[in-house]
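The following note addresses the open and enclosed spaces of the model under review. Please read the points alongside the sequence and the coordinates.

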Amino acid sequence: MAKYYENTTTFNYSWEQVTQCFWNRYPNPFSSHVLSEDTVCREIRNGKLHSKRLLTKTNRVPKWGERFFKAKSVNILEESVIDPKERVLVTYTRNIGFNKIMNVVEKVTYRSIPDQPGKTIAIRSAWIDSSVFGFATAIRAFGLDRFKKNCMKTVDGFNYMLHHMFPPHASSPSAAIHIQHLSKTQKIKEAAKNASDHMKAQAEHLVQNLSVKG
């Protein structure tokens, strides 16, 4: 039985900003697993913009999974529909090839919040399945766990690009919180580097003292 996953994310940006950023969210510091993106087709039907894009992503698998899948990358088909009148963007993504090993289908709906014009809600649903006899349960569990981790990267990357394209006012309290969230990783790295430099200086000082005593 396929694994089902759903979560909801609220972006502190208008729907127009989110949809504009959607086409420009790669590359970003959180998307190193996305190797390429190409637009296959794009057309307007009944006032709605229909698009198809082909993404290539890395596909790291655990040792036990190498017996089923050894490819270093996987192709993802992304289909989207933008309805400017209803202010809704719906995306559908699925992997191409190797579907019997693991099939991942995702749907995301980006919708404006009527009583909060400066915010956009994203409802994400995913189905992970496998047809490998005797290993399907393990593969589904692995796929679900990896999908959850990738969702976190996706949201962080989206917020990063939104902040880059539409920088908030520095005087806004919510902006300060947003900036703090985006720079969390950089601060951790800086703290680790400072700690490493401090320890290195202490070690050098200790060596010098021992050399003098010797």
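1. Helices, meaning H or I runs of at least four residues, and strands, meaning E runs of at least two, are taken from DSSP and numbered from the N terminus. On that numbering, H2 gives the most to the lining of the largest cavity, namely four residues. The model is a predicted one.

2. The search of the whole structure returns one cavity of 30 Å³ or more. The largest cavity holds about 60 Å³ of space.

3. Which residues line the largest cavity? From the earlier part of the numbering come Arg25, Tyr26, Asn28, Phe30, Ser31, His33 and Val34, and these are joined by Lys153, Thr154, Gly157 and Phe158. By class, this lining comprises four nonpolar, five polar and two charged residues.

4. Turning to open space, the largest pocket has a volume of about 980 Å³. Its lining numbers 41 residues, of which Lys57, Thr58, Asn59, Arg146 and Asn150 are the closest to the centre.

5. Which elements supply at least two residues each to the lining of the largest pocket? They are the strands S3 (48-58), S4 (73-83), S5 (88-96) and S6 (103-113), together with helix H2 (136-165). The largest share, ten residues, is from H2. Helix H2 is thus the leading contributor to the lining of the largest pocket and also to that of the largest cavity.

6. As to the chemical character of the pocket, its lining residues divide into 20 nonpolar, eleven polar and ten charged.

Definitions and conventions. Residues numbered from 1 in each chain as written. Predicted model: local features only at pLDDT ≥ 70, side-chain atom pairs only at ≥ 80, totals over all residues. Heavy atoms only, no water. 1 Å grid on protein atoms, 1.4 Å probe; cavity = no way out; pocket = protein on both sides within 12 Å on 5 of 7 lines; lining within 4 Å. Points joined across faces, edges and corners; volume = space filled by probe spheres on them. Nonpolar A, V, L, I, M, F, W, Y, C, P; charged D, E, K, R; others polar.
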